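Student: Hi, have you got a minute to go through this model with me? I'd like to talk about the ligand, and then a few other spots.

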Amino acid sequence: MAIEHTLSIIKPDATRRNMTARINAKFEEAGLRIVAQKRVQLTRAQAEAFYSAHQARPFFGGLVQFMTSGPVVVQVLAGENAIAKNRDIMGATDPKKAAPGTIRAEFAEDIEANSVHGSDSPEAAAQEIAFFFAGTEIVG
Ligand code: UDP
């Protein structure tokens with residue numbers, strides 16, 4: 001199987017509680033490689049643009065407020081089947097429904113402050129990686 005790249009974000013609830021390394025350990029233990037990573041404070045405009053697909057959803061305003069409430073760590077993960085593999089490692093959106101051992105089951109606070117984002121398709125991955133990273137920043 002070909003190596004894929006996916007966009008991951010360690011969200012403000014997790015950076016606030018100093019969980020970046022524990023979350024990164026989950027990725028690396030599962031065989032994903034962190035090939036780009038930076039800590040950023042999202043502006044409101046950036047958060048709105050990143051989540052524009054959810055613009056009409058009732059949780060959009062709260063989500064934008066949450067995603068700008070503190071620093072995030074944006075990263076590119078690489079590996080075989082990386083997009084689906086990362087979604088498995090993350091667990092369900094609602095931590096109450098996330099399988100044991102997943103990042104969201106272990107670390108998330110609630111359905112909004114759920115510790116991580118991960119691209120959900122090859123198209124989303126390409127678009128989301130380009131949103132945050134220049135090609136020269138990705139070092140495999
Ligand atoms: N979200 C929320 N309330 C909801 C559903 C989602 O606050 O009822 C937030 C949550 O942070 C989630 C993000 O919006 O991770 C994007 O939602 P999506 O359905 O794309 O879930 P994901 O792909 O992150 O699991």
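Student: Which atom of the ligand is paired with the side chain of Arg87, and how far apart are they?

Tutor: An oxygen atom of the ligand sits 2.9 Å from an N or O atom in the Arg87 side chain. Do keep in mind that this is a predicted model, where local features need pLDDT of at least 70, side-chain atom pairs count only at pLDDT 80 or more, and totals for chains, interfaces and linings use all residues. Residues are numbered from 1 along each chain as its sequence is written, and side-chain values use heavy atoms, with hydrogens and water left out.

Student: Okay, and what about Thr93 and Asn114?

Tutor: For Thr93, an N or O atom of the side chain is 2.6 Å from a ligand oxygen. Asn114 has a polar side-chain atom 2.9 Å from an oxygen atom of the ligand.

Student: How much of the ligand does the protein cover?

Tutor: It covers 82% of the 500 Å² of accessible area that the ligand has on its own; areas come from the Shrake-Rupley method with a 1.4 Å probe.

Student: Which residues are around the ligand?

Tutor: Among them are Lys11, His54, Phe59, Leu63, Arg104, Ile111 and Glu112. To be listed, a residue needs a heavy atom within 4 Å of the ligand.

Student: Leu63, you say. Which residues of its helix, α4, are buried?

Tutor: In α4 (residues 60-67) they are Phe60, Leu63, Val64, Phe66 and Met67. Their directions fall within an arc of 165° seen down the helix axis, so they line one face of α4. That arc is taken over directions from the axis to the C-beta atoms. Buried means under 20% relative accessible area (1.4 Å probe, protein chains only).

Student: What covers them?

Tutor: The cover includes β1 (3-10), α1 (12-16), α3 (44-50) and β3 (72-80). Helices (H or I, at least four residues) and strands (E, at least two) are DSSP runs, numbered from the N terminus.

Student: New topic: which residue does UniProt mark as "active site"?

Tutor: The unreviewed UniProt entry puts that annotation on His117, though annotations may be inferred rather than shown by experiment. His117 lies in strand β4 (residues 116-118).

Student: Is His117 buried or exposed?

Tutor: His117 counts as buried because its relative accessibility is 10%. Its side chain also makes a polar contact of 2.9 Å with that of Glu128.

Key
Buried means under 20% relative accessible area, exposed over 50%, partly exposed in between (1.4 Å probe, protein chains only). Contact means heavy atoms within 4.5 Å. A polar contact is a pair of N or O atoms within 3.5 Å; within protein, one must be able to donate a hydrogen and the other to accept it, and residues adjacent in sequence count only if both atoms are side-chain atoms.
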